[in-house]
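Please open the structure in your viewer and keep the selection panel at hand. The tour below goes from one selection to the next and says what is found at each stop.

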Amino acid sequence: MTPEEKKAFEEKLYSWVGKEIAPPTPGLDDVNEAMIRHWCEVMGDTNPVYTDKAFAEKSAKGGLIAPPTMLQAWSMEGYPMAFADDKDPSEQDGQRQLHAFLSENGYSAVLGTNSDQEYFRDLKPGDKITAHTIIDKISEEKATAMGNGYFIETRTTFTDQNGETVGTMQFRVLKFKPAQAQAPVTEGTDNAPKPPTRIRSVRGHDNSWWWDQVEKHNTLPIQRCKGCQTLRHPPRPFCGECQSNEWDFIASTMEGEVFSFIELHYPEIPGYQYPLICAVITLDEGTRIVSNIIDCKPEDVAIGKRVKGEIMVVDEDNTIPQFRLV
Ligand SMILES: [Zn+2]
């Protein structure tokens, strides 16, 4: 884009701010017990105030309520949204038009980054929920590890049958140019793309020493307070126990156990190996570290399983601790 084209593009982009993306959208169904039960089954939420009528009536709630986190579910489009992209663009809602406009200009990828909800009252079976959504904010163009793009925030206000606001949702996505798509590719020349690497961790004054130990000395260091010997991780300047800023470090044995973990599915990020297990590991020294568990089936990972780590060169930009099940 030339600077003039960029200016025209951004003018059109920012003209979306403050606009409703669609007319107020009433829920397809009233708040109802069947959807609440299905939600609780899927989420594994066994709180009886959502599903046990007798219990709920005797509770402080006075009757069944919906889980607050179902707020958005009451006004979602349902299955037809799977085919919304097939519709003529002029019939699509404002948010899809905005995303299509960004895609046409190269910002083709999207990543959900935040969702914040506020709840003002409990919803009960029979409530009728309507969603009102506007494009609330669009950031300036940001350089991110995923590529350059714009953060788009929508704000949804949920009202009930009396027009009272029962909750709000702020939802933020990054619409970006995938980083590896930027360089033009010419086969058989030096212009061929380099294989993508993992996102390199951010280093600053308080933690670059830690990464130096990992990269140059092949150890996983744990910071130790010189005042009271308390270990701490991630690195920070002061001891949380005695406020001393004197410290040294020990080398971890890299043995420990799984404290918590998730398997990341979507979106697949270039440079990472899938399946991708991200885990919080309790080291035998007592501190915890976030890392990956590799070379295993995701279903074999469990909380409490023993792991052993090693410092690995995973790509040309990253030397990091990685763990395996023992
Ligand atoms: Zn201390």
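## Stop one: the loop between two strands

Begin by selecting P267, which is found in the loop between β10 (255-264) and β11 (276-283). The model on display is a predicted one, and in it the peptide bond that joins Y266 and P267 is cis, with omega at about -5 degrees. Keep this loop in view and move to P275, which also lies between β10 and β11; here the bond from Y274 to P275 is cis, with omega near 5 degrees.

## Stop two: the strands on either side

Now select β10 together with β11, which run antiparallel and are joined by eight bridges. As a landmark within the pairing, S260 stands opposite V280 in β11. Colour β11 by its two faces: I277, A279, I281 and L283 make up the covered face, whereas L276, C278, V280 and T282 make up the uncovered one.

Add strand β12 (residues 288-293), which is antiparallel to β11 and joined to it by six bridges. The residue to label here is A279, whose bridge partner in β12 is S291. The hairpin of β11 and β12 has four residues between the strands, and G286 in this hairpin takes a positive phi near 115 degrees.

## Stop three: a small open sheet

Select β7, β8 and β9 next, and you will have an open sheet of three strands in the order β8-β7-β9, with antiparallel pairing. The edges are held by β8 and β9, each of which has a single partner strand, so one side of each is left without a neighbour in the sheet. Between β7 and β8, which run antiparallel, there are two bridges, and R224 can be found opposite L231 in β8.

Two loop residues deserve a label while this sheet is on screen. Q229 is found in the loop between β7 (221-225) and β8 (231-232), and its phi is near 70 degrees, a positive value in a residue other than glycine. With 12 C-beta neighbours inside 10 Å, Q229 counts as exposed. Q243 is found in the loop between β8 and β9 (247-251), where its phi, near 65 degrees, is again positive in a residue other than glycine. Q243 has 10 C-beta neighbours inside 10 Å and counts as exposed.

## Stop four: the nonpolar cores

Which residues touch the most other members of the largest nonpolar core? Select V31, Y50, I65, A66, L123, I129 and F158, which do so among the 13 residues of that core. Centre the view on L123: leaving aside its neighbours within four places in sequence, L123 is in contact with V31, I65, A66, I129 and V166. A second, separate core has 10 residues, including F261, I277, I281 and I289; of these, I277 and I281 were met earlier on the covered face of β11.

## Stop five: two helices

Select helix α1 (residues 3-14), whose 12 residues should span 16 Å at 1.5 Å a residue, in agreement with the 16 Å between its end C-alpha atoms. The number of buried residues among these 12 is zero, so α1 lies largely in the open.

Turn then to A56, which has its place in helix α4 (residues 53-58). Is A56 buried, exposed or partly exposed? It has 19 other C-beta atoms within 10 Å and is partly exposed, because the class of buried residues begins at 20. Leaving aside the neighbours within four places in sequence, A56 is in contact with P48, V49, K61, G63 and L64. For a long view across the model, draw a distance from A56 to A143, 87 residues apart along the chain: their C-alpha atoms are separated by 50 Å.

## Last stop: the whole chain

Finally, show the whole chain, which has six helices and 14 strands. The domain assignment gives domain 1 (14-31 + 66-179) and domain 2 (208-325), with 36 Å between the domain centres, taken over C-alpha atoms. Along the principal axes, the C-alpha atoms fill a box of roughly 65 × 65 × 40 Å. The radius of gyration of the chain is 25 Å, whereas a compact globule of 326 residues would have one near 20 Å. Of the 326 residues, 16% count as buried. Among contacts with a separation of 6 or more, 61% are accounted for by residues 24 or more positions apart.

Definitions and conventions:
Residues numbered from 1 in each chain as written. Predicted model: local features only at pLDDT ≥ 70, side-chain atom pairs only at ≥ 80, totals over all residues. Core = buried A, V, L, I, M, F, W, Y, C linked by C-beta atoms within 7 Å. Contact = placed C-beta atoms within 7 Å. Expected span 1.5 Å × (residues − 1). Domains from an automatic or database assignment. Rg over C-alpha atoms; globule rule 2.2 N^0.38 Å. Pairing = 2+ DSSP bridges.
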